[in-house]
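This report describes one protein structure, taking a few of its parts in turn. Please look at the sequence and the model before reading on.

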Amino acid sequence: MDSERLEPRCVGRGSHLAPPNRFESIHVEPDWEQLAADDDLRAAAGRPATEYLSDTSETIVSENDSPDIPFRYSVNPYRGCAHGCAYCYARPYHEYLGFNAGLDFETKVLVKHEAPKLLRTFLSRPRWQAEPITFSGVTDCYQPAEREFRLTRQCLEVAWECRQPIGIVTKNALVVRDLDLLRALAAENLAHVNVSITSLDQELTRSMEPRTSAPAARLRALRMLAEAGVPTRVMVAPIIPGLNDQEVPAILAAAAAAGAQGAGYVLLRLPLTVKPVFFEWLERVFPDRRPRIEALIRSTRAGELYQPKFGERQRGTGEFAAQIGQLFRMFAKKHGLDRPLPQYDCTRFRPPETAQRRLF
């Protein structure tokens, strides 16, 4: 791992690695020993800027048939995520784009500028039978890029025009910027919002999820959404054995007090290149706790660090995984978070107006 470490250490980033892309035969490594005297270069490397690159995808709605995922269709206006969560399961997707799953995932964010237009086109298809579409199936639709590009908001405007049911998963309090649209959608049973809270410890989240909203801000967002009549769920995701599993009761209590109506959880997933990124972070921040945390992770994955089998990858297996599940269910029930959110009303959908429709 040392050979992959990018020196000097990076400020405000979850990953300090540039691990090799598994699809590339050539990997470039910085030679800091030769540049040790160049203080300006080292300082700049320690504060890598976020680059926004244009994504010219011709579709915006993805479909999946995984039995572990509670939605079929999703929209992701951005690829890569400046939130920089050290555990993010989406990191390996960046390797398909020719980047690495470490720093590149956090600093090279692809922007689908045509997202609202592409969503409108998708909803115009004659064969579309309305069912919920989830925003953030892969990366967070309210990550920092959204402040500048406002693509999520524009897509929500299309959804409201069409009365298209939508779900949102986010760990950014920026979601309340769009409270006007979410309130209108929710009033017609067309919107759910899931707010992810991994820990109530701001020091931990600042390190593990460096560019996300503080836990207090996420709870405040939950409260504002609930007060506006938007059905909300808290997602304790991921639960990391030996690190934040003991926080489950407190997180659920705080979320219930803020007005959440439901709760869900996902056990830590470490597919492919997520493993070196997560363990580099763990070794850097909690070196004394790493052996125990790794042992507990393995205890929930049949001795491995990850098991991709459907039905197990989200919850794990073994005694400790079962204890986590039991703890979660017990406190979710205690705080009234064990019930489903209100059903979507898909009967309200109406196709968007197009130039061709207006001619006839």
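Is Arg-163 buried or exposed? In this predicted model, Arg-163 counts as buried because its relative accessibility is 13% and the cut-off for buried is under 20%. Arg-163 sits in the loop between helix 5 (151-162) and strand 7. The side chain of Arg-163 makes a polar contact of 3.4 Å with the side chain of Glu-188.

**Strand 8 and its neighbours**

Strand 8 covers residues 191-196, and 6 of its 6 residues are buried. In a regular strand, side chains alternate between the two faces of the sheet. In strand 8, Ala-191, Val-193 and Val-195 point one way, while His-192, Asn-194 and Ser-196 point the other way. The residues on both sides are buried.

Strand 8 pairs with strand 7 (residues 166-170) in the parallel sense, over 5 bridges. Within this pairing, Ile-168 has Val-193 as its bridge partner. Strand 7, helix 6 (residues 179-187) and strand 8 together form a right-handed β-α-β unit. Strand 8 also runs parallel to strand 9 (residues 232-239), with 4 bridges joining the two. Here the bridge partner of Val-195 is Val-234.

**Salt bridges**

The model has a count of 25 salt bridges. The table lists some of them.

| Pair | Closest N to O distance |
|---|---|
| Glu-209 and Arg-218 | 2.7 Å |
| Arg-290 and Glu-294 | 3.3 Å |
| Lys-309 and Glu-312 | 3.8 Å |

Glu-209 is buried, with a relative accessible area of 1%, and Arg-218 counts as buried at 1% relative accessibility. Arg-290 and Glu-294 both belong to helix 11 (residues 290-299), where they lie 4 residues apart, about one turn of the helix. Glu-294 is buried, with a relative accessible area of 18%. Lys-309 is exposed, with a relative accessible area of 53%, whereas Glu-312 counts as partly exposed at 24%.

Salt bridges also link Glu-146, Arg-153, Glu-157, Arg-177, Asp-178 and Asp-180 in a network.

**A nonpolar patch on the surface**

Which residues make the nonpolar surface patch of about 510 Å²? They are Phe-23, Tyr-89, Tyr-93, Tyr-96 and Val-138. Phe-23 is in the segment before helix 1 (39-45). With a relative accessible area of 45%, Phe-23 is partly exposed. Patches take residues with over 30% relative accessible area, so Phe-23 at 45% passes that cut-off.

Key: Residues numbered from 1 in each chain as written. Predicted model: local features only at pLDDT ≥ 70, side-chain atom pairs only at ≥ 80, totals over all residues. Heavy atoms only, no water. Patch = residues over 30% accessible without salt bridge, like charges linked within 9 Å, V, L, I, M, F, W, Y side chains within 5 Å. Areas by Shrake-Rupley, 256 points an atom, 1.4 Å probe, with all protein chains shown as cover. Salt bridge = Lys/Arg side-chain N within 4 Å of Asp/Glu carboxyl O. Buried < 20%, exposed > 50% of the residue type's maximum accessible area, 1.4 Å probe, protein only. Pairing = 2+ DSSP bridges. Right-handed = clockwise from strand over helix to strand, strands pointing away. Polar contact = N/O pair within 3.5 Å; in protein donor to acceptor, adjacent residues only side chain to side chain.
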